[in-house]
Amino acid sequence: VEELPQPEVEEALQDVLADLSQGKKRVKIKDAMQPLAEKLDADLVVCPVLTDYYEIIFYGGWGGWDWDGDSIRIESYAGLELNGYDRAEDKNFSKSTSRFYHDSYSTYGRAAYLAKDALESLIQETDVNRRVTRTLRERAAASRTDEATAESAAPSKTAESTETTKTTETT
């Protein structure tokens, strides 16, 4: 598995989006995944997009009927989409999700935590881990097959020692 340098990928993505936008007003990133994979000669392209993100911390409550001068409240939101292309399956994939929190202050309610949780969920839903490790599993299987072929073609040490033993016994 090889990760391409980010500047190279960003430049290629901008080129692909520019090519696709000719004649169209707006191009969706998910439509650029297959051409991007072809341009980069990549087996797998994964592109997370943070579509919305905000966090507001209220000191002293929400105001109005719920006023409590000693409380800290938080309202946060994170929206993400995960787009990609898998050459082995010749398949585009795209999923989106969001997280919202509106309650007493908690580190689990911070927008950064919500974004991380949403991205982890998208990675599971789109099966990115299997897609990434598929190549590793295929290479390992090919390597084992190559080793088994090489071992069967070469004379085994056990056969040589058996022949030596037989020769010794007859002498």
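The protein in this predicted model contains 5 helices and 3 strands. Followed along the sequence, these elements give the pattern α-α-β-β-β-α-α-α. Of the 171 residues in the protein, 26% are buried. Contacts that span long stretches of sequence are well worth a look here: among those between residues at least 6 apart, 59% join residues at least 24 apart.

The nonpolar interior comes next. In soluble globular proteins, nonpolar side chains tend to be buried together. Here, the largest nonpolar core has 15 residues. The residues with the most contacts inside this core are Leu-13, Leu-17, Ala-32, Met-33, Leu-36, Leu-40 and Val-45. At least two core residues come from each of helix H1 (6-21), helix H2 (33-40) and strand S1 (44-59). Leu-13 offers a handy view of the packing: leaving aside residues up to four places away in sequence, Leu-13 touches Ala-32, Met-33 and Leu-36. Another core, of 11 residues, lies apart from the largest one. Tyr-101, Ala-115, Ala-118 and Val-128 are among the members of this other core.

Attention now turns to the pockets. The largest has a volume of about 1,000 Å³, and 26 residues line it. Glu-2, Glu-3, Leu-4, Leu-44 and Val-45 are the lining residues that lie nearest the centre of this pocket. Val-45 thus appears in two settings, as one of the residues with the most contacts inside the largest core and as one of those nearest the centre of the largest pocket. H1, H2, S1 and helix H4 (128-153) each provide at least two residues of the lining. H4 gives the largest share, 6 residues. Sorted by class, the lining of the largest pocket comprises 14 nonpolar, 2 polar and 10 charged residues.

The second largest pocket encloses about 160 Å³ of space. Its lining is made up of Arg-26, Val-27, Lys-28, Ile-29, Lys-30, Thr-51, Glu-81, Asn-83, Ser-94, Lys-95 and Ser-96. Strand S2 (72-86) and strand S3 (91-104) each contribute at least two of these residues, and the largest share, 3 residues, belongs to S3. In the lining of the second largest pocket, 5 residues are charged, 4 are polar and 2 are nonpolar.

Aromatic side chains add further detail. A pair of aromatic rings is described by the distance of the centres and the angle of the planes. The structure holds 2 such pairs. In one of them, the ring centres of Tyr-54 and Tyr-77 are 6.0 Å apart and the planes meet at 20 degrees, so the pair is stacked. Tyr-54 sits in strand S1 and Tyr-77 in strand S2, so this pair ties together parts that are 23 residues apart in sequence. Both partners can also be placed by their accessibility. Tyr-54 has a relative accessibility of 29% and therefore counts as partly exposed. Tyr-77, at 22% relative accessibility, likewise counts as partly exposed.

The pair formed by Tyr-108 and Tyr-113 is edge-to-face, with 5.1 Å from centre to centre and 75 degrees between the planes. Tyr-108 counts as exposed because its relative accessibility is 55%, and the cut-off for that class is over 50%. Tyr-113, with a relative accessibility of 33%, counts as partly exposed.

Finally, two aspartates deserve a friendly mention for their backbone geometry. Asp-41 has a phi near 55 degrees, a positive value in a residue other than glycine. Asp-41 is found in the loop between H2 and S1, two elements that each supply at least two residues of the largest core. With 60% relative accessibility, Asp-41 counts as exposed. Asp-90 also has a positive phi, near 50 degrees, and is again a residue other than glycine. The loop between S2 and S3 holds Asp-90, and S2 and S3 each supply at least two residues of the lining of the second largest pocket. The relative accessible area of Asp-90 is 53%, so this residue is exposed.

Conventions. Residues are numbered from 1 along each chain as its sequence is written. This is a predicted model: local features need pLDDT of at least 70, side-chain atom pairs count only at pLDDT 80 or more; totals for chains, interfaces and linings use all residues. Side-chain values use heavy atoms; hydrogens and water are left out. A nonpolar core is a set of buried Ala, Val, Leu, Ile, Met, Phe, Trp, Tyr and Cys residues joined through side-chain atoms within 4.5 Å. Buried means under 20% relative accessible area, exposed over 50%, partly exposed in between (1.4 Å probe, protein chains only). Helices (H or I, at least four residues) and strands (E, at least two) are DSSP runs, numbered from the N terminus. Contact means heavy atoms within 4.5 Å. On a 1 Å grid over the protein atoms alone, a cavity is a set of points where a 1.4 Å probe fits but cannot get out, and a pocket is an open set with protein on both sides within 12 Å along at least five of seven lines; lining residues have an atom within 4 Å of a point. Grid points are joined across faces, edges and corners, and a volume is the space filled by probe spheres set on the points. Ala, Val, Leu, Ile, Met, Phe, Trp, Tyr, Cys and Pro count as nonpolar, Asp, Glu, Lys and Arg as charged, and the others, Gly among them, as polar. Rings of Phe, Tyr and Trp (its six-membered ring) pair if their centres lie within 6.5 Å; planes under 30 degrees apart count as stacked, over 60 as edge-to-face and the rest as tilted.
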